[in-house]
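The following exercises concern the chain displayed below. Please work through each task before reading its solution.

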Amino acid sequence: QLYGGGLYMVRDFQSGNPVVVDVLKDSVVASGALKGQKLAGGAFLSPELSFDGQQILFAYAQPAYANKARAWEYTAENSFHIFKVNVDGSELVQLTDGNQNDFDPCYLPNGRIAFISTRTEGRGGAWFYPRCFLDRAPVQFFLHSISADGSDLIPLSYHETDEWQPSVNNDGMLVYTRWDYVDRNSNAAQHLWTCYPDGRDPR
């Protein structure tokens with residue numbers, strides 16, 4: 001979490017006078033746990049445009065670790081959550097909450113939103129830890145999806161190690177990376193994977 005960032009756009013970037021715009025300069029969260037607040041001073045991650053170019057999804061974490069030691073213990077105050085805003089800064093809403101990290105959002109063709117999360121409710125609720133760290137440091141994160149309003153959260157993957165950066169290809173399939181080092185050497189562990197938008201047929 002690198003604090004002090006923001007969400008920016010460059011307008012007229014092909015002209016001789018490009019303009020950098022702070023999308024959230026006047027934005028206040030309209031719904032969700034941070035309703036009524038501005039997103040300032042925290043960490044921003046993984047912005048993603050909607051297919052029509054009118055909305056931006058992104059992840060944001062409050063500056064809970066500012067001037068403090070960073071522990072691996074996540075709470076609702078220091079975890080990344082998914083937000084949505086129009087490109088003009090209006091209708092800023094919080095879509096996820098809780099003591100799990102939610103990040104790397106992307107729109108699906110059916111209007112749902114895929115993202116990566118440390119949530120494991122779909123497989124018993126206990127956190128998953130990597131086998132490589134004896135101190136059980138960061139928890140594992142996997143593909144999930146929600147409706148456009150943040151409801152109906154479901155897991156899309158039941159893999160056992162981390163996944164990252166979902167996007168949609170021209171065939172409407174989800175494309176993402178997966179830390180898959182079973183029967184592979186240590187230098188070829190992260191490959192491209194695909195699945196249907198509902199999580200079926202990962203390969």
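**Exercise 1. Determine which residues are in contact with Ala 114, leaving aside its neighbours within four places in sequence.**

Solution. Contact means heavy atoms within 4.5 Å. By that criterion Ala 114 touches Asp 104, Pro 105, Cys 106 and Leu 108. Further along the sequence, Ala 114 is also in contact with His 144, Ser 145, Leu 156 and Leu 174. The model is predicted: local features need pLDDT of at least 70, side-chain atom pairs count only at pLDDT 80 or more, and totals for chains, interfaces and linings use all residues. Residues are numbered from 1 along each chain as its sequence is written, and side-chain values use heavy atoms, with hydrogens and water left out.

**Exercise 2. Identify the residues with the most contacts inside the largest nonpolar core, and the elements that give two or more residues to it.**

Solution. A nonpolar core is a set of buried Ala, Val, Leu, Ile, Met, Phe, Trp, Tyr and Cys residues joined through side-chain atoms within 4.5 Å. Buried means under 20% relative accessible area, exposed over 50%, and partly exposed in between (1.4 Å probe, protein chains only).

Step 1. The largest core has 24 residues, and Leu 95, Ile 113, Ala 114, Leu 143 and Leu 174 have the most contacts inside it.
Step 2. The elements giving two or more residues to this core are β4 (55-61), β7 (102-107), β8, β9, β12 (174-179) and β13 (190-195). Strands are DSSP runs (E, at least two residues), numbered from the N terminus.
Step 3. With four residues, β8 gives the largest share.
Step 4. A separate second core comprises 15 residues, among them Met 9, Val 23, Ile 56 and Val 87.

**Exercise 3. Establish how strand β9 is paired, and why it is described as largely enclosed.**

Solution. Two strands pair if DSSP finds at least two bridges between them.

Step 1. β8 (residues 113-117) runs antiparallel to β9, and five bridges join them. One bridge places Ser 117 opposite Phe 142 of β9.
Step 2. β9 also pairs with β10 (residues 154-155), in the antiparallel sense, over two bridges. Here Ser 145 stands opposite Ile 154.
Step 3. Strand β9 (residues 142-146) is largely enclosed by the rest of the structure because five of its five residues are buried.

**Exercise 4. State the strand order of the open four-stranded sheet and name its edge strands.**

Solution. The order is β3-β4-β5-β6, with antiparallel pairing. The edge strands, β3 (43-49) and β6 (93-94), each pair on one side only. Between β5 (residues 81-86) and β6 there are two bridges, and Phe 83 has Gln 94 as its bridge partner.

**Exercise 5. Classify Thr 177 and Val 10 as buried, partly exposed or exposed.**

Solution.

Step 1. Thr 177, in strand β12, has a relative accessible area of 18% and is therefore buried. Apart from residues up to four places away in sequence, Thr 177 touches Asp 162, Glu 163, Trp 164, His 191 and Leu 192.
Step 2. Val 10 belongs to strand β1 (residues 8-11). Its relative accessibility is 46%, so Val 10 counts as partly exposed.

**Exercise 6. Give the number of helices and strands in the chain, and the percentage of its residues that are buried.**

Solution. The chain has zero helices and 13 strands. Of its 203 residues, 43% are buried. Among contacts with a separation of 6 or more, 42% join residues 24 or more positions apart.
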